[in-house]
Amino acid sequence: MTPDFLYTSLGLIACIGLGALSYHLHTREHNKLQPRMVPWIIITMACVATSFMLVVHLMNLFGLETGRS
């Protein structure tokens, strides 16, 4: 197992975990008059985009060509 595969897999697991946590924090009930201080949905979308890039990188590590030839 190469270090690239290991680091990419760990990064993907971290992004999925952080994305799920931030989505949960975004969708929980909010009854206060004060606005939320952390924009959880923006963090969720950033995790989704980063996870997509990491999946593409994993596909490239397995030998699939995802870019232009």
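**Exercise 1. Determine where His-30 is placed in the chain and whether this residue is buried, partly exposed or exposed.**

Solution. The first step is to locate the residue: His-30 sits in the loop that runs between helix H1, residues 3–27, and helix H2. It should be kept in mind from here on that the model is predicted. The second step concerns accessibility, where His-30 has a relative accessible area of 35% and therefore counts as partly exposed, since that class lies between the 20% and 50% limits. The third step is to list what surrounds the residue: once residues up to four places away in sequence are set aside, His-30 touches Pro-35 and Arg-36. Its side chain also makes a polar contact, reaching the backbone oxygen of Gln-34 at 2.9 Å. Finally, a distance places the loop residue relative to helix H2: the C-alpha atoms of His-30 and Ala-46 are 22 Å apart in space, with their positions 16 residues apart in sequence.

**Exercise 2. Describe the overall form of the protein from its secondary structure, its radius of gyration and the box filled by its C-alpha atoms.**

Solution. Begin with the secondary structure, which comes to 2 helices and 0 strands. Next, compare the radius of gyration of the protein, 16 Å, with the value near 11 Å that a compact globule of 69 residues would have. The box gives the dimensions along the principal axes, and the C-alpha atoms fill roughly 55 × 25 × 15 Å. Turning to burial, 17% of the 69 residues are buried, while the protein exposes about 5600 Å², of which carbon and sulfur atoms supply 69%. As a last step, consider the contacts with a separation of 6 or more: residues 24 or more positions apart account for 59% of them.

**Exercise 3. Work out which residues Ser-22 and Ser-51 touch beyond their sequence neighbours, and how each side chain meets a backbone oxygen.**

Solution. Start with Ser-22, which lies in helix H1 and has a relative accessible area of 1%, so that it is buried under the 20% limit. Not counting residues up to four places away in sequence, Ser-22 touches Trp-40, Ile-43 and Thr-44. A polar atom of the Ser-22 side chain lies 3.1 Å from the backbone oxygen of Gly-19.

Then take Ser-51, which belongs to helix H2, spanning residues 40–61. At 12% relative accessibility Ser-51 also falls under the 20% limit and so counts as buried. With neighbours within four places left aside, Ser-51 is in contact with Leu-12, Cys-15 and Ile-16. The side chain of Ser-51 reaches the backbone oxygen of Cys-47 at 2.8 Å. To relate the two serines to one another, note that their C-alpha atoms are separated by 14 Å, although Ser-51 and Ser-22 are 29 residues apart along the chain.

**Exercise 4. Identify the residues that make the nonpolar surface patch, and state the accessibility of Leu-6 and of Val-55.**

Solution. The patch is made by Met-1, Leu-6, Tyr-7, Leu-10 and Ile-13, and has an area of about 620 Å². Of these residues, take Leu-6, which lies in helix H1. With a relative accessible area of 38%, Leu-6 is partly exposed, and this value satisfies the requirement of over 30% for patch residues. For a residue of the other helix, turn to Val-55, whose place is in helix H2. Val-55 counts as partly exposed as well, because its relative accessibility is 35%. The last step is a distance across the chain: Val-55 and Thr-2 are 53 residues apart in sequence, and their C-alpha atoms are 16 Å apart in space.

Technical notes: Residues are numbered from 1 along each chain as its sequence is written. This is a predicted model: local features need pLDDT of at least 70, side-chain atom pairs count only at pLDDT 80 or more; totals for chains, interfaces and linings use all residues. Side-chain values use heavy atoms; hydrogens and water are left out. Helices (H or I, at least four residues) and strands (E, at least two) are DSSP runs, numbered from the N terminus. The radius of gyration is taken over C-alpha atoms; the globule rule is 2.2 Å times the number of residues to the power 0.38. Buried means under 20% relative accessible area, exposed over 50%, partly exposed in between (1.4 Å probe, protein chains only). Contact means heavy atoms within 4.5 Å. Accessible areas come from the Shrake-Rupley method with a 1.4 Å probe; for residues, only the protein chains shown count as cover. A polar contact is a pair of N or O atoms within 3.5 Å; within protein, one must be able to donate a hydrogen and the other to accept it, and residues adjacent in sequence count only if both atoms are side-chain atoms. Patches are made of residues with over 30% relative accessible area and no salt bridge: like charges are joined within 9 Å, nonpolar side chains (Val, Leu, Ile, Met, Phe, Trp, Tyr) within 5 Å. A salt bridge is a side-chain nitrogen of Lys or Arg within 4 Å of a carboxyl oxygen of Asp or Glu.
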